Amino acid sequence: MPNPKRFFQARSPQSNTKLLTLTLCFATAIAGLLLFGLTVSLGRIGGQSKCKYGKPLSVSVVWDKSGVNSGLVSDGDRKRHKVMGFVGIQTGFASVGRRKALRKTWLPSDHQGLQRLEEATGLAFRFIIGKTSDASKMAELRKEVEEYDDFLILDIVEEYSKLPYKTLAFFKAAYALYDSEFYVKADDDIYLRPDRLSLLLAKERTHSQTYLGCMKKGPVFTDPKLKWYEPLGYMLGKEYFLHAYGPIYALSADVVASLVALRNDSFRMLSNEDVTIGAWMLAMNVNHEDNRQLCQPECTATSIAVWDIPKCSGLCNPEKKMLELHKMENCASSPTLPSDEDE
């Protein structure tokens, strides 16, 4: 199958040259400018494949460290896909069972179902995953991509210890692909109500830079490399800062645009992904919006995300618990969620 690629390249907003001229100039200086690159594939990996859902989308996002990459250029001046919210479900190679459980519950398993969900809620959903050098795992992922067409694949190594790097790559890639009011990071082991999440994101807000999540307090210094700062923390009465629990949180478009514009070496990567994002949000002085419906231990009439807080950082035994929750009326009763007849 032909696979035309759309390329998005970072450029200075002052540049008024046409795409062809920009491409030629960029190629001339590529050795000096390309300090960081990531490639995102949506709906496929690698070479030519037979796919059910038409032409898959592949996009390359190129970033440099010059600090001027606030503009995006697309081929043919095609606009990014417009949605109210883009939800990136973070997943890994060991999470095949979790993805199966999600597709049997709140996330439609077919392409048409995903489209209906987007139309009903204004939200787009994709599994977010990196790559591995294990050829067999990549082959299995390729099959899953072709069957379900619900992935966004980052050209980074999928590794738990590198989650802050994956998260940054996710936000940059999502921003390049989607023109969204909010970009949502969600884990693959929570039970989500897309309809209620949509209503939450659609609320009018006075702050254009919003960090939305179920907030908790954490230590200011959690990086082992910064242990020498701890006495200062005690002197200040153990200062703490608010940051969102990791299973789900959202950043408004203005916040993500700021992340995209910053140089890649401007970011301090801590050991925990949620603390890392929280530290960045603190430094950027964004508005923190605390919503406890994003961290409910059970389904209620208003719960948006359900997981076993504080026992687990998600659902304990998610493959089983997800199916159990979906059988409960107060969890699954919604016109925007897939019914048993649709499965």
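Student: How do you know that Cys214 and Cys295 form a disulfide?

Tutor: This is a predicted model, and in it the sulfur atoms of Cys214 and Cys295 lie 1.9 Å apart; a pair of cysteine sulfur atoms counts as a disulfide when they are within 2.5 Å, so this pair qualifies. Cys214 sits in strand E10 and Cys295 in the loop between strand E12 and strand E13, 81 residues apart, and the pair therefore links distant parts of the chain.

Student: Why is the disulfide of Cys214 and Cys295 called right-handed?

Tutor: The torsion about its S-S bond is about 45 degrees, and so the disulfide is right-handed.

Student: How many disulfides does a search of the whole structure find?

Tutor: The search finds three, and, with bonded cysteines counted along the chain, they follow the pattern 1-2, 3-6, 4-5. Another of them joins Cys299 to Cys331, S to S 1.6 Å, and with 95 degrees about the S-S bond this link is right-handed. It connects distant parts of the chain, since Cys299 is in the loop between E12 and E13 while Cys331 is in helix H12, 32 residues apart.

Student: What makes Cys331 count as buried?

Tutor: Its relative accessibility is 0%, and buried means under 20%, so Cys331 meets the cut-off. Cys299, at 9%, falls under that limit too and is therefore buried.

Student: Why is Cys312 called partly exposed rather than buried or exposed?

Tutor: At 25% relative accessibility Cys312 lies between the limits of 20% and 50%, so partly exposed is the class that applies. Cys316, at 23%, also counts as partly exposed. A disulfide joins Cys312 to Cys316, S to S 1.9 Å, and its torsion of about 105 degrees about the S-S bond makes it right-handed.

Student: Turning to the helices, why is H6 called oblique to H10?

Tutor: Helix H6 (residues 163-177) and helix H10 (residues 273-284) pack at an angle of about 55 degrees, with their axes 8 Å apart. That angle is not under 35 degrees, not over 145 and not within 65 to 115, so H6 is oblique to H10. The crossing of the two helices is right-handed.

Student: Which residues of H6 and H10 meet, and what kinds of residue are they?

Tutor: Leu163, Pro164, Thr167, Leu168 and Phe171 in H6 meet Glu273, Thr276, Ile277 and Trp280 in H10. The residues of this contact divide into six nonpolar, two polar and one charged; Glu counts as charged, so the charged residue is Glu273.

Terms used
Residues numbered from 1 in each chain as written. Predicted model: local features only at pLDDT ≥ 70, side-chain atom pairs only at ≥ 80, totals over all residues. Heavy atoms only, no water. Axes fitted to C-alpha atoms, helices over the stretch in contact; angles between N-to-C directions. Helix = DSSP H or I, 4+ residues; strand = E, 2+ residues; numbered from the N terminus. Left-handed = near helix turned anticlockwise from the far one by under 90°. Contact = heavy atoms within 4.5 Å. Buried < 20%, exposed > 50% of the residue type's maximum accessible area, 1.4 Å probe, protein only.
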